[in-house]
Number of protein chains: 2
Amino acid sequence: MPYSGLRSAPDAAPTRTAEVYRAAAELMVEKGFGGTSISEIAQAVGMTKAGLYHHISSKQDMLLRILNHAMDELELIVTTPVRLIEDPEERLRQLMRLQIQGLVRHGLVFVVLFSEINHLAPEQQQEIRGRIKEHHALIREALRELAESGRLRSLDVNIATMHIMNAMTGVARWKAQDFASDEEHLIHETVAYTMAALLKPEA
Amino acid sequence: MPYSGLRSAPDAAPTRTAEVYRAAAELMVEKGFGGTSISEIAQAVGMTKAGLYHHISSKQDMLLRILNHAMDELELIVTTPVRLIEDPEERLRQLMRLQIQGLVRHGLVFVVLFSEINHLAPEQQQEIRGRIKEHHALIREALRELAESGRLRSLDVNIATMHIMNAMTGVARWKAQDFASDEEHLIHETVAYTMAALLKPEA
DNA sequence: TGCAATCTACCGAACGATCGGTAATTTAGC
DNA sequence: GCTAAATTACCGATCGTTCGGTAGATTGCA
């Protein structure tokens with residue numbers, strides 16, 4: 001799971017820099033941005049605080065890179081493959097499946113850390129928020145198509161979009177702490193729950 | 001909105017101590033526990049850091065009191081009145097309405113801060129988590145009754161409970177940041193969305 | 001092939017700032 | 001004159017960051 005420009009070849013051993021970012025992301029997911037110190041990150045990769053600064057330029061820049069990397073992965077794993085699905089209902093179902101899987105398996109970097117956006121400079125905040133809105137647009141578009149074909153319940157598309165996103169990040173959060181459950185069951189139930197909220201009851 | 005044992009009479013001017021806790025809660029909601037410094041809180045109420053310590057015993061204890069106070073209010077505003085409603089469907093609807101209103105209006109102390117539980121000592125964490133579980137039980141019980149009377153879709157009650165809680169805290173979070181919308185509309189849509197996810201379609 | 005020059009990856013030490021918290025002291029109100 | 005409330009003046013620890021320096025590998029040139 002390589003970070004920043006230093007994307008090592010897929011099968012090669014991870015760069016030291018990549019290891020640093022990986023460890024940082026893990027710690028920040030667990031304890032938040034403010035709650036994670038540079039010393040901790042350094043210790044996690046067996047290095048001095050000073051040594052770390054050979055790989056990073058600042059703590060804030062680190063967060064920006066981690067967030068952008070998370071969005072890259074989101075696009076790679078979820079957005080891109082899902083765009084190919086024509087039927088909006090199936091597209092939505094797959095989006096949720098893939099995104100929850102991504103959240104649960106590849107660490108929760110995806111979303112949990114997005115609550116820490118405010119630690120970035122304003123312009124950097126805009127950059128990330130823009131990418132998130134693109135992702136929201138994907139969901140909104142599926143809902144719009146469903147509405148066009150008459151399959152959607154009468155509802156506010158904006159609010160529904162937020163509920164869908166919220167449900168997915170929620171699932172990832174429980175999974176991370178105490179709430180243990182079979183992953184496949186959890187995903188299936190969540191998709192069913194959400195689709196029931198969205199679609200007209202079958203005739 | 002009085003805090004700790006120093007609950008001033010409902011119509012009286014708020015105690016200085018209450019003001020301190022109020023400001024602290026507000027700041028912590030905005031910037032997190034770790035992101036809020038004692039000096040900031042002191043400044044917010046026009047006091048020195050040292051002066052603050054006349055009113056509080058420690059930062060951690062402050063968090064515990066804020067969390068417990070939030071649960072007190074939750075019980076006062078939501079739990080207690082809702083328990084009186086016999087029909088489980090209406091009980092659930094009212095629970096959601098009241099809780100979202102409480103979240104949005106009385107500050108988001110209720111839930112936003114519960115992600116900061118880990119800053120407490122383990123035994124204090126248990127104390128708060130216990131109170132939250134009691135609240136979950138209220139929702140679970142409504143779902144159980146709905147299932148008994150055959151009104152509930154076939155679903156996992158535990159997972160559904162989490163989704164309901166998650167939706168409510170989610171709504172409060174959006175409301176707090178950029179996502180602006182008419183409060184009544186937001187509540188109505190959320191309740192409708194959730195009930196559609198839960199109940200069998202009407203015959 | 002040999003050797004100097006350069007680069008990578010790290011270290012120990014220290015910077016100013018801020019953290020949560022304390023002791024002694026002054027001020028304000030009954 | 002007593003108590004409560006707030007002050008000034010600190011403490012040790014830690015924060016993110018920068019410094020000068022160095023062992024070891026890599027490169028350029030004769």
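**Note on a predicted two-chain model with DNA strands C and D**

1. Of the 16 residues around DNA strand D, the nearest are Tyr53(A), Lys59(A), Thr48(B), His54(B) and His55(B). The model is a predicted one. By class, the 16 residues on this surface are five nonpolar, eight polar and three charged.

2. On the DNA side, 60% of the strand D atoms within 4 Å of the protein belong to sugar or phosphate, and the rest to bases. Among the individual approaches to strand D, a polar side-chain atom of Arg16(B) is 2.8 Å from a phosphate oxygen. Thr36(A) uses a polar backbone atom instead, at 3.4 Å from a phosphate oxygen of strand D. A base oxygen of strand D is reached by Lys49(A), with a polar side-chain atom 3.2 Å away. Two or more residues of the surface near strand D come from each of α2 (38-44) and α3 (49-52) of chain A and α3 (49-52) of chain B.

3. DNA strand C is surrounded by 17 residues, and the closest of them are Thr48(A), Ala50(A), His55(A), Lys49(B) and Tyr53(B). The surface near strand C divides into five nonpolar, eight polar and four charged residues. At least two residues each are supplied by α3 of chain A and by α2 (38-44) and α3 of chain B. The largest share, three residues, is that of α3(A).

4. For strand C, sugar or phosphate accounts for 56% of the atoms within 4 Å of the protein, and bases for the rest. Three side chains of chain A may be listed with their distances to a phosphate oxygen of this strand. Thr48(A) has a side-chain N or O atom at 2.4 Å. His55(A) places a polar side-chain atom at 2.6 Å. For Arg16(A), the distance from a polar side-chain atom is 2.9 Å.

5. Next, the contact between the protein chains. Chain B and chain A each contribute 27 residues to the contact. Together they bury about 2,600 Å², with 65% of that area on carbon and sulfur atoms. Seven residue pairs are in polar contact between the two chains, counting pairs with both residues at pLDDT 80 or more. On the side of chain B that touches chain A, two elements give two or more residues: α8 (157-176) and α9 (183-198) of chain B. Of these, α8(B) provides the largest share of that side, twelve residues. By class, that side of chain B has 16 nonpolar, seven polar and four charged residues.

6. How many salt bridges does the rule find across the interface of chain B and chain A? The number is zero. Over all chains, however, the structure holds 23 salt bridges. One of the 23 joins the side chains of Arg151(A) and Asp87(A), with an N to O distance of 2.9 Å. Arg151(A) sits in the loop between α7 (122-148) and α8 (157-176) of chain A, and Asp87(A) in the loop between α4 (59-83) and α5 (88-105) of chain A, so this pair ties together parts that are 64 residues apart in sequence.

7. The last point is the relation of the two copies. A turn of 180° with a shift of 0.0 Å along the axis lays chain B on chain A, at an RMSD of 0.0 Å. This is therefore the relation of a two-fold axis. Within chain B, Ala197(B) has the C-alpha nearest the axis, at 2.0 Å. Because 100% of the interface residues of chain B are also interface residues in chain A, the copies meet through the same surface.

Methods:
Residues are numbered from 1 along each chain as its sequence is written. Chains are lettered from A and ligands numbered from 1 in the order in which they are written. This is a predicted model: local features need pLDDT of at least 70, side-chain atom pairs count only at pLDDT 80 or more; totals for chains, interfaces and linings use all residues. Side-chain values use heavy atoms; hydrogens and water are left out. Contact means heavy atoms within 4.5 Å. Buried area is the accessible area (1.4 Å probe) that two parts lose on being put together, summed over both. A salt bridge is a side-chain nitrogen of Lys or Arg within 4 Å of a carboxyl oxygen of Asp or Glu. A polar contact is a pair of N or O atoms within 3.5 Å; within protein, one must be able to donate a hydrogen and the other to accept it, and residues adjacent in sequence count only if both atoms are side-chain atoms. Helices (H or I, at least four residues) and strands (E, at least two) are DSSP runs, numbered from the N terminus. Ala, Val, Leu, Ile, Met, Phe, Trp, Tyr, Cys and Pro count as nonpolar, Asp, Glu, Lys and Arg as charged, and the others, Gly among them, as polar. A residue is near a molecule or strand if one of its heavy atoms lies within 4 Å of it. Copies are superposed by least squares on the C-alpha atoms of residues with pLDDT of at least 70 in both.
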